[in-house]
Amino acid sequence: MHTDKVTVIGAGYMGSAITFPLIDAGFEVNLWGTWLDDEIIHFCRKGLHPKLKKPLPEAVKLWAHQELQSAIEGSKFIFLAVTSHGFMPVFLKILGCAVPRDACFLCLTKGLIEQENRVERISAAAASIYRQKTKKNIAWASIGGPVKAVELAYFTPTLSVYATRDSSLAAVLERFKAGYYRLNITSDVCGVEICSAFKNIYAMGLGICDGLYSVSKPGSYHNFSSILFSQAVREMNLITEAVGGKSLTAYGPAGVGDLYVTSQSGRNRRFGELIGKGLKAQSAYEDMLQQGEVAEGYHALKLGHRYVLDLGLIERLPLLESLYEIAYKSKDPEKVLVNWVESC
């Protein structure tokens with residue numbers, strides 16, 4: 001057993017799933033649920049995680065939302081696994097506690113956030129707030145896919161990408177791996193964050209294709225979906241390079257690998273499928289929310305569109321623009337996507 005303690009913030013799919021390899025790697029693990037996770041913590045204490053459909057490791061200590069200070073006390077590593085929409089409120093609550101001076105933050109949250117009327121990558125916003133509150137630089141790693149939480153919790157061989165510019169943190173990241181949980185370590189924080197955010201957006205497009213044709217053309221629309229997939233990878237690379245990231249990231253596990261996993265299954269693919277079957281984006285989002293599922297790609301698309309406008313890239317991202325028109329201007333998904341392909 002390591003002497004270092006790990007606290008995972010957020011008891012949803014990914015936050016709970018990461019406890020399995022952390023326990024197997026020998027860490028002492030706390031899992032803290034936000035005020036939206038009270039029911040999850042309740043069921044876990046009775047024996048079964050309601051989303052993963054299995055018990056968490058017995059050694060995981062569970063903490064309710066009122067117990068944040070106790071949950072992070074003495075923790076060397078703090079894994080952040082809340083939604084992008086809820087990231088900043090939770091992060092500010094953490095900084096309002098007595099955080100250990102040498103604590104390192106490892107971010108599983110994927111997406112962009114709005115901070116002071118600007119759309120920013122999560123690491124940039126967190127570093128700025130942390131510096132304001134503590135007068136110190138943050139020890140930070142951004143974590144990318146391709147990881148499906150349920151598969152990780154059931155010990156399916158998995159590769160995750162950890163990105164940090166902190167050499168002292170990079171030196172210890174290998175300690176988080178387990179036999180079925182392998183790590184790639186990179187310094188390309190920008191690239192990993194961009195791919196993590198935009199793969200959710202583009203997976204919606206593949207889901208729309210499924211919704212449009214899975215019934216009328218079962219198994220016979222792969223030509224079309226492959227066009228969307230390859231264009232999505234190209235656009236992810238353009239955005240990555242524009243912010244100083246590496247093409248190797250976009251074309252590697254954190255980019256094309258994560259996009260593949262997300263477009264095969266998951267909440268954002270399902271959200272797109274509902275749109276392809278005729279639901280408006282807002283209705284599809286609300287329907288999923290009522291079932292306890294958050295389609296983060298919906299909000300990521302709105303913020304991502306603003307982000308690339310500020311970068312002056314939108315004219316080079318026709319698929320992203322098409323998805324924005326479908327989701328936020330209620331344009332017909334089939335007409336928009338087919339017209340785009342025919343104009344290529």
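Student: How do the residues in the lining of the largest pocket divide by class?

Tutor: The lining holds 20 nonpolar, 15 polar and twelve charged residues. Keep in mind that this is a predicted model.

Student: Which residues lie nearest the centre of that largest pocket?

Tutor: Gly-12, Tyr-13, Thr-83, Arg-267 and Val-294 lie nearest the centre, out of 47 residues in the lining. The space in this pocket is about 1,400 Å³.

Student: What makes Gly-12 polar and Val-294 nonpolar here?

Tutor: The class lists settle it. Val counts as nonpolar, and Gly is placed among the polar residues. Arg counts as charged, so Arg-267 goes in the charged class.

Student: What is the volume of the second largest pocket?

Tutor: The second largest pocket has about 270 Å³ of space. Its lining has 15 residues, and His-85, Leu-112, Ile-113, Glu-114 and Leu-303 lie nearest the centre. By class, seven are nonpolar, four polar and four charged.

Student: Which element gives the largest share of the lining of the second largest pocket?

Tutor: H15 does, with six residues. Strand S6 (112-115) and H15 each supply at least two lining residues.

Student: How many cavities of 30 Å³ or more are counted?

Tutor: The count is two. The largest has a volume of about 60 Å³. The second largest holds about 30 Å³.

Student: What makes a space a cavity and not a pocket?

Tutor: The way out decides. In a cavity a 1.4 Å probe fits but cannot get out, whereas a pocket is open.

Student: Which residues line the largest cavity?

Tutor: Among them are Cys-107, Thr-109, Lys-110, Ser-142, Ile-143 and Glu-193. Helix H9 (189-213) and S8 each supply at least two. H9 gives the largest share, three residues. The classes come to four nonpolar, four polar and two charged.

Student: Which residues line the second largest cavity?

Tutor: The lining includes Met-14, Ile-18, Lys-110, Ile-143, Leu-152 and Tyr-181. Its classes are seven nonpolar, three polar and one charged.

Student: Now the rings. How many aromatic pairs does a search of the whole structure find?

Tutor: The search gives 17 aromatic pairs. One of them joins Phe-87 and Trp-140, with 6.4 Å centre to centre and 80° between the planes.

Student: Why is the pair of Phe-87 and Trp-140 called edge-to-face?

Tutor: Two tests apply. The centres must lie within 6.5 Å, and 6.4 Å passes. Planes over 60 degrees apart count as edge-to-face, and 80° is over that, so the name fits.

Student: What makes this a link between distant parts of the chain?

Tutor: Phe-87 is in helix H5 (residues 87-95) and Trp-140 is in strand S8 (residues 140-144), 53 residues apart. Both Phe-87 and Trp-140 are buried.

Student: Why is the pair of Tyr-298 and Tyr-328 called stacked or edge-to-face?

Tutor: Stacked. Planes under 30 degrees apart earn that word, and here they are at 5°, with the centres 5.0 Å apart. This pair also links distant parts of the chain: Tyr-298 sits in helix H15 (residues 296-311) and Tyr-328 in helix H16 (residues 318-328), 30 residues apart.

Student: How do you know whether Tyr-298 is buried or exposed?

Tutor: Its relative accessibility is 5%, and buried means under 20%, so Tyr-298 is buried. Tyr-328 is at 24%, between the 20% and 50% limits, so Tyr-328 is partly exposed.

Student: Which residues do ring pairs link into a cluster?

Tutor: Phe-27, Phe-77, Phe-79, Tyr-162 and Phe-176. Lys-76 lies over the face of Phe-77, at 6.0 Å from the ring centre.

Student: How do you know that the charged end of Lys-217 sits over the ring of Tyr-213?

Tutor: It is 5.0 Å from the ring centre. The distance limit is 6 Å, and the charge must also be within 35 degrees of the ring normal.

Student: Why is Ile-78 called buried or exposed?

Tutor: Buried. Its relative accessible area is 0%, and the limit is under 20%. Ile-78 is found in strand S4 (residues 75-80).

Student: Which residues is Ile-78 in contact with, leaving aside neighbours within four places in sequence?

Tutor: Thr-7, Ile-9, Val-99, Ala-103, Cys-104, Phe-105 and Leu-106.

Terms used:
Residues are numbered from 1 along each chain as its sequence is written. This is a predicted model: local features need pLDDT of at least 70, side-chain atom pairs count only at pLDDT 80 or more; totals for chains, interfaces and linings use all residues. Side-chain values use heavy atoms; hydrogens and water are left out. Rings of Phe, Tyr and Trp (its six-membered ring) pair if their centres lie within 6.5 Å; planes under 30 degrees apart count as stacked, over 60 as edge-to-face and the rest as tilted. Helices (H or I, at least four residues) and strands (E, at least two) are DSSP runs, numbered from the N terminus. Buried means under 20% relative accessible area, exposed over 50%, partly exposed in between (1.4 Å probe, protein chains only). On a 1 Å grid over the protein atoms alone, a cavity is a set of points where a 1.4 Å probe fits but cannot get out, and a pocket is an open set with protein on both sides within 12 Å along at least five of seven lines; lining residues have an atom within 4 Å of a point. Grid points are joined across faces, edges and corners, and a volume is the space filled by probe spheres set on the points. Contact means heavy atoms within 4.5 Å.
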